[in-house]
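Ready for some practice in reading a protein model? Keep the sequence and the picture side by side, and try each exercise before you look at its solution.

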Amino acid sequence: MDKYIYDDKNDLWYELQGDYYIPCLILPAEKEQPIGLWGQRHLQYLKEYRRITYLNLLTSGRLNTYLADIDKQTEEMFFRLVEQMKQAQGIMEQLKAENALEWTGRLNNIRACAREIVERKIIFA
């Protein structure tokens, strides 16, 4: 029996493995882009709770691009929310100079709120 065979009907090559011919499938090439924290968190969410979406993106070769886009959107939304909340609560550099500990506490609270918002709206949606 031949190690490789070609099927004209579906234009696929098959490789002999044991007693069976298995299709030689290769994922489409995808431009590698760095994935940040938000993209990695969304990837984990897809793997655990949205398995079909994850597999569709993976097999179509769009997973990395999709995660890079999610990461970029989430990061922009996070920083925009932090700035809006800082302005709404009146947290200025003057407070940082006068009372650094209070400024740090209030800023950490704002970041935690913004993190929760972006997680619910983008990461875990």
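The exercises below walk through a predicted model, beginning with its strands and ending with a helix.

**Exercise 1.** Find how strands E1 and E2 pair, and which residue in the turn of their hairpin has a positive phi.

*Solution.* Start with the pairing: E1, residues 4-7, lies against E2 in the antiparallel sense, with four bridges. Next, look for partners. Tyr-6 stands opposite Trp-13 in E2, and Asp-7 has Leu-12 of E2 as its bridge partner. Finally, turn to the connection. Four residues sit between the two strands of this hairpin, and Asp-11 in the turn has a positive phi of about 55°.

**Exercise 2.** Work out how many residues lie between the strands in the hairpin of E2 and E3.

*Solution.* First locate the strands: E2 covers residues 12-17 and E3 covers residues 20-23. They pair in the antiparallel sense over four bridges. Now follow the partners towards the turn: Leu-16 is matched with Tyr-21 in E3, and Gln-17 with Tyr-20 in E3. That leaves two residues between the strands, and Gly-18 takes a positive phi near 70°.

**Exercise 3.** Put the strands of the sheet in order, and explain why E1 and E3 each have one side without a neighbour.

*Solution.* Combine the two pairings into one picture: the open sheet has three strands in the order E1-E2-E3, with antiparallel pairing. E1 and E3 stand at the edges with a single partner strand each, so one side of each has no neighbour in the sheet. To finish, consider the twist: ignoring direction, neighbouring strands of this sheet are turned by 35° against each other on average.

**Exercise 4.** Compare the reach of helix H3 with its expected span, and say which residue follows the helix.

*Solution.* Begin with the count: H3 runs over residues 63-89 and has 27 residues. At 1.5 Å a residue, 39 Å is expected. From first C-alpha to last, H3 reaches 38 Å, close to that value. Then step past the helix end: Gly-90 follows H3 and has a positive phi near 70°.

Notes
Residues are numbered from 1 along each chain as its sequence is written. This is a predicted model: local features need pLDDT of at least 70, side-chain atom pairs count only at pLDDT 80 or more; totals for chains, interfaces and linings use all residues. Side-chain values use heavy atoms; hydrogens and water are left out. The expected span of a helix is 1.5 Å times one less than its number of residues. Two strands pair if DSSP finds at least two bridges between them. Axes are lines fitted to C-alpha atoms, for helices over the stretch in contact, and angles run from 0 to 180 degrees between N-to-C directions.
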